[in-house]
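Q: Can you walk me through this model? I'd like to start with how the helices pack.

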Amino acid sequence: MPRRGETAVVPIDAASGERGGQERPKSERHRSHGPGHHGRHGPGHQHRSRPPPPPPPVFRPFRRWFPFLVPLFIVANIVLFVLTMYINDCPAHARAAGAAIGGSVGESATAQGCWLAPELGRFAFQSFKENPLVGPSSATLLKMGALETSKVTKDHEGWRLITCIWLHAGVIHILANMLSLVLIGIRLEKEFGFMRIGTLYVISGVGGSLLSSLFMVSNISVGASGALFGLLGSMLSELITNWTIYENKIAALMTLVMIIVINLAVGILPHVDNFAHLGGFTSGFFLGFVLLMRPQFGYINQKNSPLGYPMGVTKRKFKIYQIILFVIALVILISGFTVGLVLLFQGFNASEHCSWCHYLSCVPTSKWSCKAPSNYCMSSQLGNQLNLTCQSTGKAATYVLSNPNNTEAIRNLCVGLCS
C-alpha cells in the first residue's frame, strides 16, 4: 500500500534553484562565457571535469524492521504440534485400549484406532472419524492446554486462555494458520516492529479465547485463528488512524474490507469457532488504534529538515482525531476485557442469554447441520459389563471389558459409538 512518505525529500532553495538551499559558488556561476571564450589558460588548455555530486540519500519517514518474531512464532507452533503428536502416541493408546476391552471388539479398536501408524509410529494420527483435521485426540489437546470453559471456571485454569492459541487440532489446521501468519504477520512486523506486533498478536488471541469461552461453553478450542484475525483487524484500524499518509485510500480500504468479510464468512460453516474469530478481530481492531498510530507526515518532514531550512508553522506529532480514537479504543479494550473476565470466572453462559447469537458462528442449511459432534456418553457399569449411550446420536451399545477401570478404553469406545 503506497505511502506518500516513501519518496525522497530534498529541500530546494527558491532563490537559487539549487538543492539543499546552497548557492552556487561565484566561480561556478561565471565559468561559462560563451563559445568564444577559453578562459585565462588559453584555448589549448583542457579543464578537468569535476565528478558529479553523489545523489542525496532517500529519506524514509518510518523505520523498517527486520522480521524475526513472526518466524519464531511459526517455529514455536510447529514444534508444539510435533510435541503434541509425540505425547499423543496413538498406537500405544490404541493397543492399551484394545487389550483392556478384549475379544474381537478390542482387536478391532487396535486395528482401526490410528491413521498411518506403520509409517509414522508414535506420531500417527487419530482416526479420521475422531479427528477429521488429521491430528491428535481431544484428550491430548486438553492435556497440552486446550481451552475448555469448565476447566477455566471450575478448576481456575485461566492460563488456558493463552496456551490454547499455540496449539492446533491437526495438520490441515496448522498449515492454514501458519500460511496466513506468513502472509500477514511478516509484513506488519516489517512496518511496526516486533514489540507492537507481538503484543497485538497475543492480546488478540486472548480476546478470541475469551469470547469463545463465553459462547462455546461445551466445546474444546485450540488454534491461532483469533490472533490472526486480530492482525486483520489491526490492519483496518491502522488504515483508518493513519488515513492521511496513504495514497489510493478508497481502493486500499475496499480491498481490506473484502478480505475481512470473506474470512469472517468462512466462520459460519460448521465446526469452525467463529466467536474466536470475532473476538480476535474486535480486539485487534481496537488495539490498532492504540499500537499502530503513526506521526503525521508534516511533523516527520519538519523533524528531518536540514538546519537553516524554513519550517513554517510547527506541526503536531499526531492529529486530533488520532488522539480521540486512541483514548476511545483504550477505554473499550480495558472495560471489555475486564467485564469479559469477570463474567467468565463467574460461570456466565452468554449463549443462554442470546437466542440468535449462535448464528454468528454457524448458519444451518440443507447441506449441513450446526449441531457439533459430541463424544460424550452416558455410561452404566456392572462388573465387567459396560453400557454406553452416545448423547449426540442416541446410539447405545454393551461391551465386556477385561479391565473395567481403564478410562482410556472407555473413551475410545465412546468415540467409536458417536462417530
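Q: Which residues in H2 meet which ones in H10?
A: Leu69, Val70, Phe73 and Asn77 of H2 meet Phe194, Ile197, Gly198 and Tyr201 of H10, where contact means heavy atoms within 4.5 Å. Before going on: this is a predicted model, in which local features need pLDDT of at least 70, side-chain atom pairs count only at pLDDT 80 or more, and totals for chains, interfaces and linings use all residues. Residues are numbered from 1 along each chain as its sequence is written, and side-chain values use heavy atoms, with hydrogens and water left out.

Q: What classes of residue are in the contact of H2 with H10?
A: Six are nonpolar, two polar and none charged. Ala, Val, Leu, Ile, Met, Phe, Trp, Tyr, Cys and Pro count as nonpolar, Asp, Glu, Lys and Arg as charged, and the others, Gly among them, as polar.

Q: And at what angle do the axes of H2 and H10 cross?
A: Roughly 40 degrees, with the axes of H2 (residues 69-88) and H10 (residues 194-215) coming within 10 Å. That makes H2 oblique to H10; under 35 degrees counts as roughly parallel, over 145 as roughly antiparallel, 65 to 115 as roughly perpendicular and the rest as oblique. Axes are lines fitted to C-alpha atoms, for helices over the stretch in contact, and angles run from 0 to 180 degrees between N-to-C directions.

Q: How many helices and strands does the chain have?
A: The chain has 16 helices and seven strands. Those are DSSP runs numbered from the N terminus: helices are H or I with at least four residues, strands E with at least two.

Q: Where does UniProt put the "transmembrane region" feature?
A: The unreviewed UniProt entry gives residues 65-87, 165-186, 198-217, 223-243, 250-269, 275-293 and 323-345. Its positions are in the numbering used here, feature names are shortened, and annotations may be inferred rather than shown by experiment. In the model, residues 65-87 are 83% helix and 0% strand, with end C-alpha atoms 37 Å apart. For residues 223-243 the span is 81% helix and 0% strand, and the end C-alpha atoms lie 32 Å apart.

Q: Switching to aromatics. How many pairs does the structure hold?
A: Eleven aromatic pairs. Rings of Phe, Tyr and Trp (its six-membered ring) pair if their centres lie within 6.5 Å; planes under 30 degrees apart are stacked, over 60 edge-to-face and the rest tilted. One of the pairs is Trp65 with Phe194, edge-to-face at 6.4 Å centre to centre and 80 degrees between the planes.

Q: Where do Trp65 and Phe194 lie?
A: Trp65 is in the loop between helix H1 (26-29) and H2 and Phe194 is in H10, so the pair ties together parts 129 residues apart in sequence. Phe194 is partly exposed at 30% relative accessible area; buried means under 20%, exposed over 50%, and partly exposed in between (1.4 Å probe, protein chains only). Phe68 and Phe194 also pair: their ring centres are 5.1 Å apart and their planes at 50 degrees, so this pair is tilted.

Q: Which residues form the aromatic cluster?
A: Phe281, Phe285, Phe286 and Phe289.

Q: Backbone next: is Asp89 buried or exposed?
A: Asp89 is buried, at 14% relative accessible area. Asp89 has a positive phi of about 45 degrees although it is not a glycine, and sits in the loop between H2 and helix H3 (90-101).

Q: And His156, buried or exposed?
A: His156 counts as exposed, at 61% relative accessibility. Its phi is also positive, near 55 degrees.
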